[in-house]
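Colleague: Could you take me through one part of this model closely, the charged side chains and their pairings? I would also welcome whatever polar contacts and backbone details you can add around them.

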Amino acid sequence: AEELSRRTKKRFRGYTGGSRDEYIRNGFLVAEHVGKVDELREYWRERLPKFKALNSPASFTRGPLALFLRRPSGKRIAVFVFHLKSKYKGFKDRAGTSFEAQRMQAAERLRSLAIDAGKELGPDAVVLVMGDRNSPPESASSVIVSGRRTIRDFSTNKSCRLTEQLTPNCGTSEARSEKLTGLFEQRRSEAPKRYPRGSYRYKGEESIIDEIFVLPQNVAHFRRPDSTLAIGFAGKFYRGSDHKLLWAELVNPGSG
């Protein structure tokens, strides 16, 4: 924050949240001119939903952090930043899912926190949920974040099961309408050939395991006059991180 302030000649503040991971925690860098920070909420102590009633309770590995911001226009924005458990040392997962089951539990709670924030701030608010899913768009945890499926769908005798590829197999059961829209997934679905790049590269193939989700009614706030989404990647792989940075810009005049 100090270095950004020095280089840009604008005042930045830094905020960090609690974590059960001794090396990684979530945080924000916020330019003071964009608005007033009303509140910062930590969720690292939150209990996660269970697959079965008798399951042991679980918590976020790296707690999500939410920043509630009030723009000079008065418009309110809630931004959640998250980092789901990675597949690193997935062989230690007793469930045999490379920790996808834990990501699914975290995804369910993360979505509910964002939806609750939208209800709290009212119909004109903007809610963003951004971070590292550590899984691709077609994974069960990603589909749960969006709300197209819920963790209850995977409980005993329910409609969905987890495949070996960690994707949901729900047979003929229809998906629900999404509660959160992934901007990068949306852009790729609209023009897959134009936007083949991703935020993470493995064995020469790029994928989108990071994402910026918004409430479906907020998508219009991120569209340019030509209807393209004002989002993109920044940086180079392995220059400070093995991921690229994701960015999104509120460009619609009605966004405040």
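Modeller: Happy to! Let's begin in helix α2, where Arg103 and Glu100 both lie, 3 residues apart, about one turn of the helix. This is a predicted model, and in it Arg103 forms a salt bridge with Glu100, with 2.8 Å between the closest N and O atoms. Both partners are buried. Elsewhere, salt bridges that share partners link Glu3, Arg6 and Arg7 into one network. Side chains of opposite charge can pair when their charged atoms come close. Across the whole structure, a search finds 17 salt bridges.

Just before that helix pair comes a backbone detail you may like. Phe99 is placed in the loop between β7 (76-83) and α2 (100-121), and its phi is near 70°, a positive value in a residue other than glycine. Phe99 counts as buried because its relative accessibility is 9%, under the 20% limit. Leu166 tells a similar kind of story: its phi is near 65°, again positive in a residue other than glycine. Leu166 sits in the loop between β9 (161-162) and β10 (168-169) and is buried, with a relative accessible area of 12%.

Back to charges, with two further salt bridges. Asp38 and Lys36 meet through their side chains, at 3.2 Å from N to O. Asp38 is partly exposed at 26% relative accessibility, whereas Lys36 counts as exposed at 52%. Arg41 forms a salt bridge with Glu39, and here the closest N and O atoms are 3.0 Å apart. Glu39 is partly exposed, with a relative accessible area of 35%.

Now for charges in a patch. Arg20, Arg45, Arg47 and Lys50 form a positive surface patch. One of them, Arg20, is found in the loop between β1 (12-16) and β2 (27-31). Its relative accessible area is 47%, so Arg20 is partly exposed, falling between the 20% and 50% limits. Another member, Arg47, has a polar contact to follow: its side chain is joined to that of Ser59 at 3.3 Å. Ser59 lies in strand β5 (residues 58-59) and counts as buried, at 17% relative accessibility.

Two other polar side chains reach the backbone. Ser73 is in the loop between β6 (65-70) and β7, and its side chain reaches the backbone nitrogen of Lys75 at 3.4 Å. Ser73 is exposed, because its relative accessible area of 52% is over 50%. The C-alpha atoms of Ser73 and Gly35 are separated by 8.8 Å, with their positions 38 residues apart along the chain.

The second is Thr8, in helix α1 (residues 2-8). A polar atom of the Thr8 side chain lies 2.6 Å from the backbone oxygen of Leu4. Thr8 is partly exposed, with a relative accessible area of 34%. If you want a long-range distance from there, Thr8 and Ala220 are 212 residues apart in sequence and 29 Å apart in space, C-alpha to C-alpha.

Definitions and conventions
Residues are numbered from 1 along each chain as its sequence is written. This is a predicted model: local features need pLDDT of at least 70, side-chain atom pairs count only at pLDDT 80 or more; totals for chains, interfaces and linings use all residues. Side-chain values use heavy atoms; hydrogens and water are left out. Patches are made of residues with over 30% relative accessible area and no salt bridge: like charges are joined within 9 Å, nonpolar side chains (Val, Leu, Ile, Met, Phe, Trp, Tyr) within 5 Å. Accessible areas come from the Shrake-Rupley method with a 1.4 Å probe; for residues, only the protein chains shown count as cover. A salt bridge is a side-chain nitrogen of Lys or Arg within 4 Å of a carboxyl oxygen of Asp or Glu. Lys and Arg count as positive and Asp and Glu as negative; His and the chain ends are not counted. The place of a charge is taken as NZ of Lys, CZ of Arg, CG of Asp or CD of Glu. Helices (H or I, at least four residues) and strands (E, at least two) are DSSP runs, numbered from the N terminus. Buried means under 20% relative accessible area, exposed over 50%, partly exposed in between (1.4 Å probe, protein chains only). A polar contact is a pair of N or O atoms within 3.5 Å; within protein, one must be able to donate a hydrogen and the other to accept it, and residues adjacent in sequence count only if both atoms are side-chain atoms.
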